[in-house]
Structures are given as C-alpha cells and as structure tokens.
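Trainee: I would like to practise justifying structural labels from computed values. Could you check my reasoning as we go?

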Amino acid sequence: MKSVVNDDKLFEVTDVFNKKIRTTKNYWRKIREEKHQDLIAGIEEIIETIEKPDEVYQSVKDETVAIQYRKYLKFTLVAVTKHLNGDGFLVTAYQTSRPKMKGEKLWPK
C-alpha cells in the first residue's frame with residue numbers, strides 16, 4: 001500500500017519480511033533515466049514486486065541486500081532493496097528475460 005510521507009518520498013511499503021522499504025521521487029527518476037533507461041515496468045509493478053515477490057534471494061556480496069523477483073508475461077522484474085539499522089530502501093530495479101538467482105533463497109522457504 002502506497003503512503004506519501006513528504007513531497008520527495010515516492011513510496012514506503014512493507015516487504016514479505018515485514019520491513020519498510022522506501023524510495024524518493026528523485027531516486028526513482030535516477031533509476032529510470034540513468035541506471036535502467038530500458039525499464040518498462042512502472043512504480044506499481046515495483047511496489048507489487050517488493051510486497052508480493054515470487055522469490056527473494058540474499059545478495060552474495062552484501063547480507064543486508066535482498067533481491068526480489070516477480071514474473072510478468074514477457075519479463076521478470078527485479079527489485080533490489082537494502083535494509084540497515086531499521087532503514088530500508090530501493091537500491092535499483094530492472095527487468096530481465098533471464099534472471100540469475102544467486103545467493104541464499106530467503107522467500108519462499
């Protein structure tokens with residue numbers, strides 16, 4: 001469920017581990033315009049991927065990073081989130097036709 005807290009916050013949602021994940025309008029713009037210009041999924045699909053992923057894996061490089069995967073018709077959407085000291089945020093998001101699931105599977109167990 002989307003909740004706007006201030007002018008810059010785009011969303012704050014709860015993931016499957018009951019952790020709050022947020023992003024700002026400016027950071028979302030950076031993901032769409034600089035990091036992943038080919039991203040066709042919208043913010044609602046990103047929120048859905050965080051709230052209701054098909055699978056979640058822990059990053060092999062950083063234990064505070066979770067990688068959520070959700071399959072759509074033509075691609076798998078990937079949302080990478082970080083949770084540290086009670087503060088969770090979206091690191092990046094992208095789509096792929098060939099997801100590479102590495103690391104420990106956290107969801108579903």
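Trainee: Why does Asp 62 count as partly exposed?

Mentor: Asp 62 has 25% relative accessibility. Buried means under 20% relative accessible area, exposed over 50%, and partly exposed lies in between (1.4 Å probe, protein chains only). The value for Asp 62 falls in that middle range, so partly exposed is the right label. Bear in mind that this is a predicted model, where local features need pLDDT of at least 70, side-chain atom pairs count only at pLDDT 80 or more, and totals for chains, interfaces and linings use all residues. Residues are numbered from 1 along each chain as its sequence is written, and side-chain values use heavy atoms, with hydrogens and water left out.

Trainee: What makes the contact between Asp 62 and Lys 82 a salt bridge?

Mentor: The term needs a side-chain nitrogen of Lys or Arg within 4 Å of a carboxyl oxygen of Asp or Glu. Here the N to O distance is 2.5 Å, which satisfies that limit. Asp 62 sits in the loop between β3 (55-58) and β4, while Lys 82 belongs to strand β5, so the pair ties together parts that are 20 residues apart in sequence. Helices (H or I, at least four residues) and strands (E, at least two) are DSSP runs, numbered from the N terminus.

Trainee: Is Lys 82 buried or exposed, and how do you know?

Mentor: Lys 82 has a relative accessible area of 17%, so it meets the buried criterion.

Trainee: How many salt bridges does a search of the whole structure find?

Mentor: Five are found. Among them is the pair of Glu 48 and Arg 70, at 3.4 Å from N to O. Glu 48 is in helix α2 and Arg 70 in strand β4 (residues 65-71), 22 residues apart. Glu 48, at 27%, is partly exposed, whereas Arg 70, at 18%, counts as buried. Another is the pair of Lys 9 and Glu 12, whose closest N and O atoms are 3.2 Å apart. Lys 9 counts as buried at 12%, and Glu 12 as partly exposed at 23%.

Trainee: Which residues have the most contacts inside the largest nonpolar core?

Mentor: They are Phe 11, Trp 28, Ile 46, Ile 50, Leu 77 and Leu 90, in a core of 18 residues. Such a core is a set of buried Ala, Val, Leu, Ile, Met, Phe, Trp, Tyr and Cys residues joined through side-chain atoms within 4.5 Å. Two or more residues come from each of β1 (9-14), α1 (25-35), α2 (43-51), β5 (76-84) and β6. Helix α2 gives the most, with four residues.

Trainee: Why is Leu 39 called buried?

Mentor: Its relative accessibility is 3%, so the buried label applies. Leu 39 is placed in the loop between α1 and α2. The C-alpha atoms of Leu 39 and Leu 77 are separated by 9.2 Å, with the two residues 38 apart along the chain.

Trainee: What is notable about phi of Asn 85?

Mentor: Phi of Asn 85 is near 55 degrees, a positive value in a residue other than glycine. Asn 85 is in the loop between β5 and β6, and at 77% it counts as exposed. Phi of Asn 18 is also positive, near 65 degrees. Asn 18 lies in the loop between β1 and β2 (20-24), and its 65% makes it exposed.

Trainee: How do you know which form the peptide bond from Trp 107 to Pro 108 takes, cis or trans?

Mentor: Omega is near -20 degrees, and the bond is cis. Pro 108 lies in the segment after β7.
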